[in-house]
Amino acid sequence: MRKLARFFVPYIPYLVILLALVYGQTWATLALPSYMSDIVNKGIVAQNNNIILQDGLKMLGVTLLGGVFMIGVSYISTRIATGYARRLREAVFTRVEMFSLVEFNSFSNASLITRSTNDVQQIQQVLGMILRIALIGPFMGVGAIIRAWDLAPSMTWIMALAIVILTSIIAVLFTVALPRFKQVQKLVDRLNLVTREFLTGLRVIRAFNREDHEEKKFDEANMDLRRVNTFVNRLLATLQPTLMLIMNLVSVAIVWVGAYAVSSNVMQVGNVLAFVQYAMQAIAAFLMISMIFVLAPRAAVSAQRIGEVLGTEPLIVDPDEPQKPKADLAGTVTFKDVSFAYSGADKPVLEHISFTAKPGETTAFVGSTGSGKSTLISLIPRFYDVTYGQVLVDGVDVRQLRLKDLHAKVGYAPQHATLFTGTVESNIKYGKPKADLNDVRHAANVAQASDFIAKLDGQYDSDIAQGGTNVSGGQRQRLNIARVLAYKPEIYIFDDSFSALDFTTDAKLRQALKQETAGKTVLIVAQRISTIIQADNIVVLDEGKVVGQGKHDELLKSCSVYREIAESQLSAKELQAAASSGQLTSPELAL
């Protein structure tokens, strides 16, 4: 809760103004029964029309003034609640932006979305109620009890009894409802997760005729949430009629006792009526406070969940004393005896990896599925930190470089091409927003994307849907590669970024890349031997270990793992030609 409280500090001046308005509203509300009592006792009973007129006008003025105070309370409280919620959402988003992949693995995407939207909304609603209702409750409750005591001390036991009964009822509801509120937020997470999986996997679901299965999963999650929400709402639904019954019984009791007091000339009629109103105000004030205690548990659960996000410190941060890259080693990537294991894993994913990638050279990584290729690449931009050893960029351990400086040197094309809502142009210049259209066109041309872009209605102004769902997989990959080229980094990383391309496009793209990235460091993860056959250094991985390094023809002779992969993709004739000339002879695979 302390983590969330600091976001409230800018609104303390507004809170002071709000307290003044609440005091004014309370004064106006408590003043009305006194005027009514005087009108009845001194005006109607004594038949004094001047008192009726004077006090009536005063009541009208106080009512109008109370309305102004009430509007002010609503305005300020809403401003505070919505502003605080905005700051919370901003803080959650900023903290999530700082997360490494390690922290992302601790929270599901659906949970993070729920925490930054639904949970913040819960806090906003309860905070708004506290500022509008709960603040006025203590003022009104204490003031009403004092004034009721002044009117008829002998009848205040009725108010005390009603408050004790109400306290008992609300305490029971609070005890029963609290666990359910915690369960509701978890079920919202689950429902979001099921919905997200359905939307992202829609094509696969339809391809395998699993709509009924997914519908059943959604119905189960939806019904679980409905069941818990229904239980909680039924509890809260029983509260209002119960409270109204108690309030009406209190009114009857006061009138009953007050009637005897009036008949005995102990009290006046106006005082009895005023006492009834003060009793209702005292109970209403107590109900205001009680309602907060009923609704606060859900907000408390939401606050705890948001606090978990804000309290999660990123493991990958800038060093206290960052080092400067070495100019004479610009673009050089070196792995020194690197090992890496995921948190909680039984054994390392990578073990004792060592190699050097130099400017002007292409370093490729190949191996069977699960051999650790993508994980190895992820260590360079510090998506993860090594468990043992060092990853050096420009001769400096990446952990000693500022993340901003490190990422400015690295252009990364991920395995799964990601496009953002916008246009073709905005996606290509995403890493370099100030790039002009000529740079964008050049990057698209090198990436072999200009042909299909020219066929789009708006060409570079054509809309791209969220995730790039309105273009094909190969087109997404080419736009993804064009984005990296437009960024113009010192180090290019292509993590299996050519897998969706046909052989002809792949060959043209690699030829164009060779010219575009001349003098730069290029690292490629690939499944196709044809993609990496001309690499200056090929690193062969098997179960997280380096089992071979060298050029294509060297590895064919010295590395059985590489030879097995190559023979599974290429014919003996193609292998022989590649070994002797360094390229494939087949027209469809030729560079």
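Here is a quick tour of the pockets, the sheets and one kinked helix in this structure. Keep in mind that this is a predicted model.

**The pockets**

Rolling a probe the size of a water molecule over the atoms shows where empty space is left. The table sets two of the resulting pockets side by side.

| Pocket | Volume | Lining residues | Make-up of the lining |
|---|---|---|---|
| Largest | about 1600 Å³ | 35 residues | 19 nonpolar, 11 polar and 5 charged |
| Second largest | about 1300 Å³ | 26 residues | 11 nonpolar, 11 polar and 4 charged |

If you want to find the largest pocket, look for L101, F383, Y412, P414 and F420, the lining residues nearest its centre. Several elements each supply at least two residues of that lining, among them helix 3 (49–98), helix 4 (101–104) and strand 6 (410–413). Which element gives the largest share of the lining? That is helix 16, with 4 residues, and helix 16 spans residues 473–487.

For the second largest pocket, go to N109, R196, T200, Q466 and G467, which lie closest to its centre. Two or more of its lining residues come from each of helix 3, helix 5, helix 7 (156–200) and helix 8 (202–207). Helix 3 therefore turns up again here, as it also supplies at least two residues to the lining of the largest pocket.

**The kinked helix**

Helix 5 is worth a look of its own. It covers residues 109–134, 26 residues in total, and reaches 35 Å from its first C-alpha to its last. That is close to the 38 Å expected at 1.5 Å a residue. Still, helix 5 has a kink of about 35°, centred on R115.

**The sheets**

Strands of a sheet pair through backbone hydrogen bonds, either parallel or antiparallel. One open sheet here has 4 strands in the order 2-1-4-5, with antiparallel pairing. At its edges sit strand 2 (350–357) and strand 5 (396–397), each paired on one side only. Inside this sheet, strand 1 (residues 333–340) and strand 4 (residues 388–393) are joined by 5 bridges in the antiparallel sense. To spot one of these contacts, follow K336 across to its bridge partner Q390 in strand 4.

Another open sheet is built from 6 strands in the order 6-9-10-3-11-12, and its pairing is mixed. Its edge strands are strand 6 and strand 12 (545–550), and the twist averages 15° from one strand to the next. Strand 6 also contributes to the lining of the largest pocket. At the other edge, strand 11 (residues 537–542) runs antiparallel to strand 12, with 5 bridges between them. L541, for instance, has V546 in strand 12 as its bridge partner.

Technical notes: Residues are numbered from 1 along each chain as its sequence is written. This is a predicted model: local features need pLDDT of at least 70, side-chain atom pairs count only at pLDDT 80 or more; totals for chains, interfaces and linings use all residues. Side-chain values use heavy atoms; hydrogens and water are left out. The expected span of a helix is 1.5 Å times one less than its number of residues. The bend at a residue is the angle between axes fitted to the seven residues ending there and the seven starting there. On a 1 Å grid over the protein atoms alone, a cavity is a set of points where a 1.4 Å probe fits but cannot get out, and a pocket is an open set with protein on both sides within 12 Å along at least five of seven lines; lining residues have an atom within 4 Å of a point. Grid points are joined across faces, edges and corners, and a volume is the space filled by probe spheres set on the points. Ala, Val, Leu, Ile, Met, Phe, Trp, Tyr, Cys and Pro count as nonpolar, Asp, Glu, Lys and Arg as charged, and the others, Gly among them, as polar. Two strands pair if DSSP finds at least two bridges between them. Axes are lines fitted to C-alpha atoms, for helices over the stretch in contact, and angles run from 0 to 180 degrees between N-to-C directions.
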